[in-house]
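Visitor: I would like to learn how to read a model like this one. Can we go feature by feature?

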Amino acid sequence: MRDQTGTWDRPGTSRRTWFTDGSKADERLTEVVDGHGFAYELGGFTNVLARLVSGVRGEWSFLPDGTGTSIRWTYDFRPLPGRRWIVAGPFKPLWTRYMRAALARMVTAVQGTPGATMEG
């Protein structure tokens, strides 16, 4: 992350996100519900997404689940004209695998926290 405009805990904060392939995107926090989740928007992609979508909305939610927490991470893509079939078709399973792998890495990072598991 670079060029962050403030602490990542209030709507309007923005930053530049760098991906492992060297590409980047601009990220802006749009909603924060203390203790329950947050939402953000991504745009200005320099990778293949620049040719597929005008932007993306991501949302994290954290809900009590027994003695642990249920984590939900969703993405809403805004396809460019004529690109919806690519985003909903061939791109979707690739993105799903990416999200599951990323979430698994995050859960592994917090395994010391009681109740941290991954389903799905």
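Visitor: Let me start with one side chain. Does Glu 27 count as buried or exposed, and why?

Guide: Keep in mind that this is a predicted model. Burial is read from relative accessible area, with under 20% counting as buried. Glu 27 has 8% relative accessibility, so Glu 27 counts as buried.

Visitor: Where does Glu 27 lie, and which side chain does Glu 27 join through a polar contact?

Guide: Glu 27 lies in strand β2. The side chains of Glu 27 and Thr 17 are joined by a polar contact of 2.6 Å.

Visitor: Strand β2 also holds Lys 24. Why does Lys 24 count as partly exposed?

Guide: The partly exposed class sits between the under 20% and over 50% cut-offs. Lys 24 has 24% relative accessibility, so Lys 24 counts as partly exposed. Strand β2 spans residues 24-33.

Visitor: Which residues is Lys 24 in contact with, beyond its neighbours within four places in sequence?

Guide: Here contact means heavy atoms within 4.5 Å. With those neighbours left aside, Lys 24 touches Arg 16, Thr 17, Trp 18, Phe 19, Gly 44, Phe 45 and Thr 46. For a C-alpha reading, take Asn 47: Lys 24 and Asn 47 are 23 residues apart in sequence, yet 7.2 Å apart in space.

Visitor: Now the pockets. How much space lies in the largest pocket?

Guide: The largest pocket holds about 650 Å³. It has 27 lining residues, and the closest to its centre are Thr 17, Phe 19, Tyr 75, Trp 95 and Tyr 98. Elements giving two or more residues to this lining are β1 (14-18), β3 (37-43), β5 (68-79) and α2 (91-109).

Visitor: Which element gives the largest share of that lining, and what is the make-up of the lining by class?

Guide: The largest share comes from α2, with seven residues. By class, the lining has 19 nonpolar, four polar and four charged residues.

Visitor: Let us step back to the chain. What pattern does it follow along the sequence?

Guide: Read along the sequence, the pattern is β-β-β-β-β-α-α. That gives two helices and five strands. The C-alpha atoms fill a box of roughly 45 × 35 × 25 Å along the principal axes.

Visitor: What share of the residues counts as buried, and what is the accessible surface of the chain?

Guide: Of the 120 residues, 30% count as buried. The accessible surface comes to about 7800 Å², and carbon and sulfur atoms hold 55% of that surface. Last, contacts: among those with a separation of 6 or more, 27% link residues 24 or more positions apart.

Technical notes. Residues numbered from 1 in each chain as written. Predicted model: local features only at pLDDT ≥ 70, side-chain atom pairs only at ≥ 80, totals over all residues. Heavy atoms only, no water. 1 Å grid on protein atoms, 1.4 Å probe; cavity = no way out; pocket = protein on both sides within 12 Å on 5 of 7 lines; lining within 4 Å. Points joined across faces, edges and corners; volume = space filled by probe spheres on them. Helix = DSSP H or I, 4+ residues; strand = E, 2+ residues; numbered from the N terminus. Nonpolar A, V, L, I, M, F, W, Y, C, P; charged D, E, K, R; others polar. Buried < 20%, exposed > 50% of the residue type's maximum accessible area, 1.4 Å probe, protein only. Areas by Shrake-Rupley, 256 points an atom, 1.4 Å probe, with all protein chains shown as cover. Polar contact = N/O pair within 3.5 Å; in protein donor to acceptor, adjacent residues only side chain to side chain.
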